[in-house]
Amino acid sequence: MKKEALKPIPKSIKWTLFWIGAIATLAYRIIIVLNFYSPAWVKISWYIGTVGFILYFGYLYSIQHKRVKLILDYNLLEVVKRTSNIKPKQKEALHYVVSTTLKSKSRWNSLFIFVLTLIALVVGIILDLIMV
């Protein structure tokens, strides 16, 4: 694994993607209210939410994938098992964090949402172009 993989993502990027995810979620939720006012605002809100979800869940998947890859590449589960210079409760906690990160299906959920949202965006653009 390259050294760059161990470099943390800048805090500003993390906050930006957090806000993108929050705004996307809000944009989807207000569609129900916007339906009573204007189809144009519904469409704008839908596109904001969809693009936001693509960015947010793409980022989330990449982080989750990177963590699993680090665990596998550096054999961290075995390292935790063999480590004897930490307290038993700390070792148990560390083992839990590493093993559940490895076994978690959340990265597949993020990838699934990313792909389906990307498909929805493409279909939405095509339908909007056809309906013009």
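1. A residue counts as buried under 20% relative accessible area, as exposed over 50%, and as partly exposed in between. By that scale Asn75, with a relative accessible area of 40%, is partly exposed. The structure discussed in this note is a predicted model, and the points below move from the chain as a whole to single residues.

2. The overall fold may be taken up before the details. The protein chain has six helices and zero strands, and from the N terminus on its elements run α-α-α-α-α-α. The radius of gyration of the chain is 20 Å, well over the 14 Å that the globule rule gives for 132 residues, so the chain is more spread out than a compact globule. Along the principal axes, the C-alpha trace spans about 65 × 25 × 25 Å.

3. Burial and surface come next. Of the 132 residues in the protein chain, 25% are buried. The chain exposes about 9700 Å², and carbon and sulfur atoms supply 71% of that area. As for charge, the chain carries 18 positive and 5 negative charges, and the mean positions of these two groups are 5 Å apart.

4. Contacts in the protein chain with a separation of 6 or more can be divided by distance along the sequence. Residues 24 or more positions apart account for 68% of them. Two pairs of C-alpha atoms may be set beside this figure. Leu118 and Val51, 67 residues apart along the chain, have C-alpha atoms separated by 8.0 Å. For Val68 and Gly124, which are 56 residues apart along the chain, the separation is 33 Å.

5. The aromatic side chains deserve a point of their own, as the structure holds seven aromatic pairs. One of them joins Trp15 and Phe18: the ring centres are 5.5 Å apart and the planes stand at 85 degrees, an edge-to-face arrangement. Both residues lie in helix 1 (residues 11–29), three residues apart, about one turn of the helix. Are these two residues buried or exposed, or do they fall in between? Trp15 is partly exposed because its relative accessible area, 47%, lies between the limits of 20% and 50%. Phe18, at 42% relative accessibility, is also partly exposed.

6. A further pair is made by Tyr56 and Phe57. Their ring centres are 5.2 Å apart and their planes are at 85 degrees, so this pair is edge-to-face. The two residues fall into separate classes of accessibility: Tyr56 is partly exposed at 23%, whereas Phe57 is buried at 14%. Ring pairs also link Tyr56 and Phe57 with Tyr28 and Phe53 into a cluster.

7. Two members of that cluster reappear among the contacts of Thr117. This residue lies in helix 6 (residues 106–130) and is buried, since its relative accessibility of 9% is under 20%. Leaving aside residues up to four places away in sequence, Thr117 touches Tyr28, Thr50, Phe53 and Ile54. Tyr28 and Phe53 are thus named both here and in the ring cluster.

8. Leu118 follows in helix 6. What is its accessibility class? Leu118 counts as partly exposed, with a relative accessibility of 36%, whereas Thr117 is buried.

9. Val68 is found in helix 3. Its relative accessibility is 8%, and it therefore counts as buried. Among residues beyond four places in sequence, Val68 touches Thr101, Leu102 and Arg107.

10. The last point returns to Asn75, which lies in the loop between helix 3 (39–73) and helix 4 (76–82). Most residues other than glycine have a negative phi. Asn75 departs from that pattern: its phi is near 50 degrees, a positive value in a residue other than glycine. A reader inspecting the backbone may wish to look at this loop residue, which is partly exposed.

Technical notes
Residues numbered from 1 in each chain as written. Predicted model: local features only at pLDDT ≥ 70, side-chain atom pairs only at ≥ 80, totals over all residues. Heavy atoms only, no water. Phe/Tyr/Trp six-rings, centres within 6.5 Å; stacked < 30°, edge-to-face > 60°. Helix = DSSP H or I, 4+ residues; strand = E, 2+ residues; numbered from the N terminus. Buried < 20%, exposed > 50% of the residue type's maximum accessible area, 1.4 Å probe, protein only. Rg over C-alpha atoms; globule rule 2.2 N^0.38 Å. Contact = heavy atoms within 4.5 Å. Areas by Shrake-Rupley, 256 points an atom, 1.4 Å probe, with all protein chains shown as cover. Lys, Arg positive; Asp, Glu negative; His and termini not counted. Charge placed at Lys NZ, Arg CZ, Asp CG, Glu CD.
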